[in-house]
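Subject: Structure handover

Hello,

Here is the structure I said I would pass on. My notes on what was found in it follow below the display.

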Amino acid sequence: MFKLTVYKKVNLSRNFYLIILSFLLVLVGGKIILAHEKLTTYQEAMQLYRSGNLVEAEKKFRAAKLNLSVTDHNKDINIKLSLLSPIREVMEDLDEKAASYYKENELDLLVDMYDRWQTNQQRWVSGTNIQKDMYEEMLAITKLDQDMKGYFSAIKKTNLAKLENDASIGQSAEEQIYTNVNKIPIEYFGGKSAKAKEIITSFQTYYEGKVNKLTAADASVIDIVTEGSRQFGMLSRFSIQSGWLVKKLDSYLLNVLTAAIAKKEYATFAEQANSTKKLFSNMKDSKVFAYIEKSKSDLLSKANKLTASNKYEEAISIYEALTPLENTEQLIAKTNLAWDKYEPIRVLKRLYPDKEFPNFVNARNKWGADSVVAAVSKDGIIYFGRIKGEEAMTVMEGTLTGAPVINKLNFQSSYSTSEKPVIFMDAKSSERKHHYLAYEVGTNSIKTILDVEADNLTVEAKQVLLLDNPVGQGAGELSYYEPGINGEYQFTKIKVDYVDIQVSDIAKYYGKKVRFTGYAVSKTSSGAALVTLSEGYNYSTGKYEKSYLILKGSVDFTIYTNYTVIGVFNSYTTITNENGEQVRVPVFQVEKVE
């Protein structure tokens, strides 16, 4: 086993101590060197600090602090760093983050950085001279003020450019633009008032451009109103005055509505006016609303006058046109009722839409009704309708005898023995000039009370008809027709309206209707017959003399013929007699030859 000698033990101990001593000497030497370096760094830092080069001084103070070899001057170093380092660190952080937020389009965070910068700047600038100087040095190094100006200026330009370049960005985009530009600090607009003016001008120009585009394209009023209403809402939300928009819309809409009225496009006016009224809450005192109310009132008044003048269709067209602007339902119903009473055939046409009524007649305020109508349909049915008050029309039907072509249709209530309505017809006749028909409207039926063909009909007295040359009894004569027991008209007698005389007495009956028999002895050059009135020898003149009467009329007279004629002696004429003398003779106008 190895054992150390005393000598070896002593020698080993000595070597160990020598090593320890050498190590301690190295440590002491290193500490002296580091202490010297720290002192030197501190002295350089102080020199920079005193000269005002604070950023570089802060670097040296930090380096000196990191030298832990000695604690000399540490208190002063810490004091200096407590003034300088926070400013450097905050400014570097602001600079770095502001650049990052701008790049990432994080406006809210960028504004936070701006606010943080402004808060610190105020504190540092109003603090000690050292803080102020350190801040100014860091501002010069980071160029944070220039960067911030560039960031916000670019953001402002980008946002406002959207208003200039894109007219259809949408409401949400408008709101975002407004929000964005309002977040930008006022100093980048040139002050608070300048900021407000630039934002207001930009949005007003943008909104005005949208309205101009619509009006230039003659967009519908509802589209313009919709956009105007939207803009009023946005301007209110943005706290921007809207007087310019009120003026612009008032002028444009007033022109549009005036044009519609001038063209008598009342339905268009009402639609446009109804749309325009949606802007009332934003444009209460505008001229366009006063114009709408006046025009509406004028049109209603016009419709009322048309109704009073029985121009119902025109009146209803106005009422219907105004429907979007005014509830005219009752006015239309009232006018239609008045029209129905004025022209009740309209009701029949509605009740019988498959019928045609080529002949009809109206009457008002008769037979207990406000209005009545009689009509004959093309298929030969007689209709009699009554309207009273607001009640529905009551209708009665009857059948037309045969299928005559009706030339005239009217009411002849005097034909009735009980003052009932009588429908009188003057129809085409195959044997005479007229075919007269009359139908009495009873309680439950329509019956025939007259059916006769004749050349003429006159009412000589109540329920006494005089027919000229009727078919059947009384043919060729003026015949009386009167109602029998059942109320139907029938032949009663011939009318004699002349006096039977001797032809020689004609001079006594000037202007009166007479009948006589005369002998035609000759004819005049015009075809009239010459009848002898008297003849004999005139002893005073010594001549044989005759007196004559001329028969004149639409008759082809034959000489040496007796004619029984009816007519009127109503004039004289001059002829040359058989003695060559000019004599004055009576002229008889023949109405009928028997």
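Six residues of helix α2, namely L54, E58, F61, R62, A64 and K65, meet I77, N78, K80, L81, L84, S85 and R88 in helix α3. By class, this contact of α2 with α3 has six nonpolar, two polar and five charged residues. Bear in mind throughout that the model is predicted.

Helix α2 covers residues 54-66, and its axis comes within 9 Å of the axis of α3, with a crossing at roughly 125°. An angle between 115 and 145 degrees falls in the class called oblique, so α2 is oblique to α3. The crossing of α2 past α3 is left-handed.

Helix α3 also matters for the next item, the nonpolar cores. How many residues does the largest nonpolar core have? It has 87 residues, and those with the most contacts inside it are F61, M91, W117, M148, F152, F203 and L249. Helix α3, residues 74-103, supplies the largest share of this core, nine residues. F61 thus appears twice in these notes: in the contact of α2 with α3 and in the list of residues with the most contacts inside the core. For F203, the contacts beyond its neighbours within four places in sequence are L163, E174, I177, Y178, F238 and I240. A second core, separate from this one, has 19 residues, including I382, F411, I423 and V441.

One of those residues, I382, comes up again around L400. L400 is located in the loop between β4 (394-399) and β5 (406-411). Is L400 buried or exposed? Its relative accessibility is 7%, and buried means under 20%, so L400 counts as buried. Setting aside neighbours within four places in sequence, L400 is in contact with V376, G380, I382, I406, M425, L437 and Y439. L400 and Y439 are 39 residues apart along the chain, and their C-alpha atoms are separated by 8.8 Å.

Next, helix α13 and the helices around it. Y312, A315, I316, I318, Y319 and A321 are the buried residues in α13. Which helices do the buried residues of α13 pack against? They pack against α11 (266-276), α12 and α14 (329-342).

Take α12 to begin with. Helix α12 (residues 287-308) and helix α13 (residues 312-321) pack at an angle of about 160°, and their axes are 8 Å apart. Angles over 145 degrees count as roughly antiparallel, which means that α12 is roughly antiparallel to α13. The crossing of α12 past α13 is left-handed. On the α12 side the contact involves L299, L300, K302, A303, N304, L306 and T307, and on the α13 side Y312, E314, A315, I318 and Y319. These residues divide into eight nonpolar, two polar and two charged.

Then α14. The axes of α13 and α14 cross at roughly 170° and come within 10 Å, so α13 is roughly antiparallel to α14 as well. From α13, the contact is made by Y312, E313, A315, I316, Y319 and E320; from α14, by L331, I332, T335, N336, A338, W339 and Y342. The classes here are nine nonpolar, two polar and two charged residues.

The loop between α13 and α14 contains P324. P324 has a relative accessible area of 26%, so this residue is partly exposed. Not counting residues up to four places away in sequence, P324 touches A270, E271 and N274. The C-alpha atoms of P324 and F269 are separated by 9.6 Å, with their positions 55 residues apart along the chain counted as the separation.

Last, two backbone angles. Most residues other than glycine have a negative phi. Where are D218 and S239? D218 lies in the loop between α8 (192-216) and α9 (221-237), and phi of D218 is positive, near 55°. S239 lies in the loop between α9 and α10 (243-262), and phi of S239 is positive too, near 60°. D218 is exposed at 64% relative accessibility, and S239 is exposed with a relative accessible area of 61%.

Regards

Terms used: Residues numbered from 1 in each chain as written. Predicted model: local features only at pLDDT ≥ 70, side-chain atom pairs only at ≥ 80, totals over all residues. Heavy atoms only, no water. Axes fitted to C-alpha atoms, helices over the stretch in contact; angles between N-to-C directions. Helix = DSSP H or I, 4+ residues; strand = E, 2+ residues; numbered from the N terminus. Parallel < 35°, antiparallel > 145°, perpendicular 65-115°, else oblique. Left-handed = near helix turned anticlockwise from the far one by under 90°. Contact = heavy atoms within 4.5 Å. Nonpolar A, V, L, I, M, F, W, Y, C, P; charged D, E, K, R; others polar. Core = buried A, V, L, I, M, F, W, Y, C linked by side-chain atoms within 4.5 Å. Buried < 20%, exposed > 50% of the residue type's maximum accessible area, 1.4 Å probe, protein only.
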